[in-house]
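Dear colleague,

I am passing on to you the structure shown just below, and after it I set out what was found. Please read the notes with the coordinates open beside them.

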Amino acid sequence: MKKYLVVGDPIKHSFSPTLHNYWFKKNNISAIYEKRKISEKDIKDTVTQIRNNQINGINITVPFKKVVAKYVDELSSLSQQTQSVNTVYKKENKIIGDNTDIDGFKLSLSHIKYNISDKKIFVLGAGGVVPSIILSLKKMGASKIFISNRTKQKAEDLKKLYPDIEIIEWGEFKNFDMIINATSLGLNAKDKFEIDFSKLGSNKLYYDIIYNPPKTNFLLNGEKQKNKIENGKMMFVFQAQLAFKIWHGITPKIDNEVLKLLNHD
Ligand code: ATR
């Protein structure tokens, strides 16, 4: 039986096994998908297990999307451009690192029919998923990308990869069409932003990468100020669908049953 894994830390709350195992059943694939909490020193061994055919593929989540690039033989063009890997597999005896977050994010916006072209985007955070968000926004034709992170150095590191982004001091804002919470603030329902949301206007799109809880304080505040809101659930589902396609050559269906599996409210 084929074996797949999602690795990261924390990993307890990952819905990837639920989703992939459901799709295995639906598509009559004899395989199992599990989650494994690892530390950085385990990454090399995990990749070796793919080399030795003990594991057929892995998804990588926080905080290892960057470091895993060191241990694969080849990076896809998207992984190379973002220095970020979320999907690993073996092809013709080579271990390949790929990235489905970029297109997962893009598909989540097509899903709600939001057109990024010529829009100004304000990104909060500079963690592991942000290089993928930025590349995706650039590919979709955003006219301006602002980045603001509590630790400014991390935003400056991102500017080395994407020189045309503009760094904004944490707590300050520029006019935007869409704001994205890409920080981990909100994972705990009690987490609050020290932001006066009433000063940020209305009729914008508030997007949170977090999907559990489904409505973070960031989204609740956005909604209160009469903005459209979207959480990270569809991005998560689409990145999984794209990884499934890479591994099994099949695009699994995203139907209501799939979406219900991920309901936790
Ligand atoms: P990593 O930083 O290891 O890649 P991540 O979960 O991808 O982990 O990123 C966490 C993001 O949430 C970072 O942008 C982090 O800001 P710092 O770079 O300053 O740490 C942000 N973050 C986490 N807790 C925060 C808080 N209480 N206030 C503001 N930003 C926070």
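**Backbone geometry**

Proline 10 is found in the loop between β1 (2-8) and α1 (16-26). The model is a predicted one, and that should be kept in mind for everything that follows. The peptide bond that leads from aspartate 9 into proline 10 is cis, with omega near 5°. A second cis peptide bond joins valine 62 and proline 63, and there omega is about 0°; proline 63 has its place in the loop between β3 and β4 (74-75). To these can be added aspartate 118, whose phi is near 65°, a positive value in a residue other than glycine, and which lies in the loop between α4 (101-111) and β7 (120-124). As background, most residues other than glycine have a negative phi, and most peptide bonds are trans.

**The ligand and its surroundings**

The ligand sits in the largest pocket. There are 14 residues around the ligand, and of these Gly128, Asn149, Arg150, Thr151 and Lys154 come nearest. Sorted by class, this shell is made up of 5 nonpolar, 7 polar and 2 charged residues.

Three contacts to oxygen atoms of the ligand deserve a look in the viewer. A polar side-chain atom of threonine 151 lies 2.5 Å from an oxygen atom of the ligand, while from the backbone of glycine 128 an N or O atom lies 2.9 Å from a ligand oxygen, and a polar backbone atom of alanine 126 is 3.0 Å from an oxygen atom of the ligand. Taken alone, the ligand exposes 620 Å², and 72% of that is buried by the protein.

**The largest pocket**

How much space lies in the largest pocket? The volume comes to about 1,700 Å³. The lining of this pocket consists of 46 residues, with Thr61, Val62, Gly128, Val129 and Ser184 lying nearest its centre. Two of these residues have already been mentioned: Val62 precedes proline 63 across a cis peptide bond, and Gly128 makes a backbone approach to a ligand oxygen at 2.9 Å.

The elements that give two or more residues to the lining of the largest pocket are β3 (57-60), α6 (152-161) and α8 (233-248), and α6 gives the most, with 4 residues. By class, the lining of the pocket divides into 21 nonpolar, 19 polar and 6 charged residues.

**The enclosed cavity**

Rolling a probe the size of a water molecule over the atoms shows where empty space is left. Searching the whole structure finds 1 cavity of 30 Å³ or more, and the volume of the largest cavity is about 40 Å³. The residues that line the largest cavity are Val7, Ile38, Ile43, Thr46, Val47, Ile58, Ile60, Phe64 and Val68, which divide into 8 nonpolar, 1 polar and no charged.

Which elements each supply at least two residues of this lining? They are α2 (43-51) and β3, and the largest share, 3 residues, comes from α2. The strand β3 therefore appears in both descriptions, since two or more of its residues belong to the lining of the largest pocket and at least two to that of the largest cavity.

With best regards

Key:
Residues numbered from 1 in each chain as written. Predicted model: local features only at pLDDT ≥ 70, side-chain atom pairs only at ≥ 80, totals over all residues. Heavy atoms only, no water. Near = heavy atom within 4 Å. Polar contact = N/O pair within 3.5 Å; in protein donor to acceptor, adjacent residues only side chain to side chain. Areas by Shrake-Rupley, 256 points an atom, 1.4 Å probe, with all protein chains shown as cover. 1 Å grid on protein atoms, 1.4 Å probe; cavity = no way out; pocket = protein on both sides within 12 Å on 5 of 7 lines; lining within 4 Å. Sits in = over half its atoms within 2 Å of the grid points. Nonpolar A, V, L, I, M, F, W, Y, C, P; charged D, E, K, R; others polar. Points joined across faces, edges and corners; volume = space filled by probe spheres on them.
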